Amino acid sequence: MRRSAFKWVIALVVVGVAAACTPTAPSGPPASNGGPDDDMDQVVDAVRAASPQTQGTVWADTDGNLLPGDVDEWFLQTPRCWGSSDCQEPVGTEELLSQLADLVASAEVSIDITTLFPFADDAWLDAIVDGLQRSLADGHRPQVRWLAGTPFFYSYTTGLGPDVVRQQLLDRLGPAGAEIDVSVATMTTDVQSWNHAKIVAVDGRRALVGGHNQWAESYLTATPVSDVSMRADGPAARAAQRFVDVLWGYVCDREAEGFWSILWIRSSRSGPSGACPRSAPVLSAETPGSTRIMAVGRLGSGLPIPGTFGGSFVPAILALICPATDAGDPAYDAANPGQVAARALVASADERVVISQQDLLAQCPRYDARMFKVITDQLLRGVDVRIVVTGAFGTSYANMESLHDLSIQLYDVLVASTGDPDEARDAICSNLQLASLQIGPEATWPDGKGFANHSKFIHVDDQVFSVGSNNMYPSNLQEMDLFVDDADAAQQVRTAYLDPQWEWSREDAIVDPEQGRCDIFG
C-alpha cells in the first residue's frame, strides 16, 4: 500500500500514538508436529476453528482447481527481469497485462474487479477495455462490477470517482456498452479500513488474485515495483467471487441509507437492470483440475460478518489511535480469517519458510505480535526462515528506514520470549536469512532508487504457498489470498521466483548462515 496518498488521513487520526502502540506477544498457533502433507490441513483447521461462520462467504477450502498453462502464465510475477538492473524487457508485466485482457475477454455473464483506489489507468485500463470489447464482440453481455477501496474521503479529492470511471469505460465500449449493466463504486468501512483485495473474477469460474494495483505509476515505469499475482480456474475462483459479493453487499446496504452513505461509499450504475448488484451471475460450477486451493479473505473493520448486524469488533477510539491492534480477540479472528491462515501456514512448517513481503513493520502498532511470535518460535525450533522485503527504504513502499529495523525487532521478540540474549542471537544467526530485494547485480535501479517489493507471498515446506493482498505488517483492511496445496506447483514457483530472487538479493543480506553473516544491529 502506498503511504504518500494516505498521509493526510493519518495526520488527522493519529495523535499521540507512541504510548498506545506497544504490541503484546500472545501465543500463536502451535508448531507443526506432522510432515509437509499436513500443512494445508493445519491452515484449514485453524481457520475453521476461528471463523466457522464465514465459511462459504469469506473463505472456502476447494478442490478440483486448475493452474492454467505454464508457471509463467499462472504465476504472474512482475517485472520478471532477474539479473538485469535496468529491466529493459519486463516480460512478466507484459504477460500479466495479456492474461488480464484474455481473462476479461473470456467473460460470458459476469466480470468482477476489486482494487485499491485509484482505478486502473494507462495499459491496465487498456487491457480491461480490450478484454471487454472482445467479450462483447463475441455476443456476450456480462454484468460488470468494479469496486475500489479508498481511505476515508480520499476519492472525493480526485476527479476520478465512480461516475467518471464508468463513463470513460462506456465511451470506449460504444453502443454495446449501453446493453450491459456497469456498476462502479468506492468503499470505506471505517476511519482506517477499506478494500485492499485485488481480484478479477469471471463467470464464477476463473480468477486472478494477488497484490497488483492497477497503476501505471508503480508498474509501467523504468523503475517498476516487484509484485506477484496468480490465476486459478475452478471452485477457488467462485469462492473469490463470493467474497466480492460480500463487499458489494456492504455497498448496497450503505447506498440504501441515503444521505449518510456519502461518508462511506460512492457508486454509479448504468444498464438495463438499474438495481444495486449484490451478487453476480455465474455459470455452472466446474472442476477443471485437481489442485486444492483455499480462498480466504479478511473483513477488516466496519464490515459485518455475513448474516450478522453491525461491523467487526474494533473499538472506534482504538481505531483512531492505533489501527488494527490485534491482541487475539476471538471476534477479531472471526472477522479476519486471512490473518489466522497466514499465521497457521508459517506455524505449520517443519523445514522451511520463505516470506516475500513489502514489509513486516508498520508505524503503529509496529508489528503483528502474534505473527512475530510464530516466526520467532520457528527460528527457535530450528526451522529455516528466509525473509525478503522491499529495498526501497525511505519511500512509500517501506515502513522501515533500514533492514536492521526488522532484525533488531525480531531479536527483541526472541529475547522477550527466551529471556536469554545469547539464545536469541543464536536462533537468528543459525536459522534466519534476511535480505532486501535486489533483482540484478547492482544494488539499485540506474537512477539510484531501491527495488520496491510489494509481494504478499509465503512458501512452506515446498508444498503450500499463498499469494494475495494481505500484508504481514499491521493493517485493518479487506483482503483476499489464495493458499495453494500442490507440491509440483510449489516447486515451479520456487524455481521461477524464489531461487532467482535469492540469487540476486542475498549479495547484500544482513543475515545469512550460509555466508557466515549475522549483522543484527548494524
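**Figure 1. Strands β15 and β16 pair up in this predicted model.** β15 (residues 456-460) and β16 (residues 464-468) run antiparallel and share 4 bridges. Strands here are DSSP runs of E with at least two residues, helices are runs of H or I with at least four, and both are numbered from the N terminus; two strands pair if DSSP finds at least two bridges between them. Within this pairing, F457 stands opposite V467 in β16. Together β15 and β16 make a hairpin with 3 residues between the strands. For orientation, residues are numbered from 1 along each chain as its sequence is written. Because the model is predicted, local features need pLDDT of at least 70 and side-chain atom pairs count only at pLDDT 80 or more, while totals for chains, interfaces and linings use all residues, and side-chain values use heavy atoms, with hydrogens and water left out.

**Figure 2. The turn of the hairpin has two aspartates with positive phi.** D461 sits in the loop between β15 and β16, and its phi is near 55°. D462 is in that loop too, with phi also near 55°. Most residues other than glycine have a negative phi, and most peptide bonds are trans. How do the two fare for accessibility, buried or partly exposed? D461 counts as buried at 8% relative accessibility, whereas D462 is partly exposed at 23%. (Buried means under 20% relative accessible area, exposed over 50%, and partly exposed in between, with a 1.4 Å probe and protein chains only.)

**Figure 3. Strand β15 is walled in, with β12 as another partner.** 5 of the 5 residues of β15 are buried, so the strand is largely enclosed by the rest of the structure. K456, I458 and V460 point one way, F457 and H459 point the other way, and all are buried. Strand β12 (residues 352-357) joins β15 through 5 bridges, and these two run antiparallel. Here S356 is the residue standing opposite F457, so zooming in on F457 shows S356 in β12 as well as V467 in β16.

**Figure 4. Helices α2 and α11 cross in a right-handed way.** The axes of α2 (residues 39-50) and α11 (residues 337-348) come within 8 Å and cross at roughly 145°. Axes are lines fitted to C-alpha atoms, for helices over the stretch in contact, and angles run from 0 to 180 degrees between N-to-C directions. Right-handed means that the near helix is turned clockwise from the far one by less than a right angle, and left-handed means anticlockwise. On the α2 side, look for D39, Q42, V43, A46, V47 and A50; they meet P337, V340, A341, A344, L345 and S348 in α11. By class, this contact has 9 nonpolar, 2 polar and 1 charged residues. Contact means heavy atoms within 4.5 Å; Ala, Val, Leu, Ile, Met, Phe, Trp, Tyr, Cys and Pro count as nonpolar, Asp, Glu, Lys and Arg as charged, and the others, Gly among them, as polar.

**Figure 5. C252 and C276 form one of the 3 disulfides.** A disulfide is a pair of cysteine sulfur atoms within 2.5 Å, and here the S to S distance is 2.0 Å. The torsion about the S-S bond is -90°, making the link left-handed. C252 is in helix α8 (residues 235-256) and C276 is in the loop between β10 (265-270) and β11 (291-298), 24 residues apart. C252 is buried at 5% relative accessible area, but C276 is partly exposed at 22%.

**Figure 6. C429 and C518 are joined by a disulfide too.** Their sulfurs are 2.0 Å apart, and the S-S torsion is about -75°, so this disulfide is left-handed. C429 lies in helix α14 (residues 421-431) and C518 in strand β19 (residues 517-518), so the pair ties together parts that are 89 residues apart in sequence. C518 is buried, at 19%.

**Figure 7. C81 and C87 form a disulfide with both cysteines buried.** The sulfur atoms are 2.1 Å apart. At -105° about the S-S bond, the link is left-handed.

**Figure 8. Two cis peptide bonds precede prolines.** F117 and P118 are joined by a cis bond with omega about 5°; P118 is in the loop between β3 (110-116) and α5 (122-137). From C364 to P365 the bond is cis as well, with omega near -10°. P365 lies in the loop between β12 and α12 (369-381).
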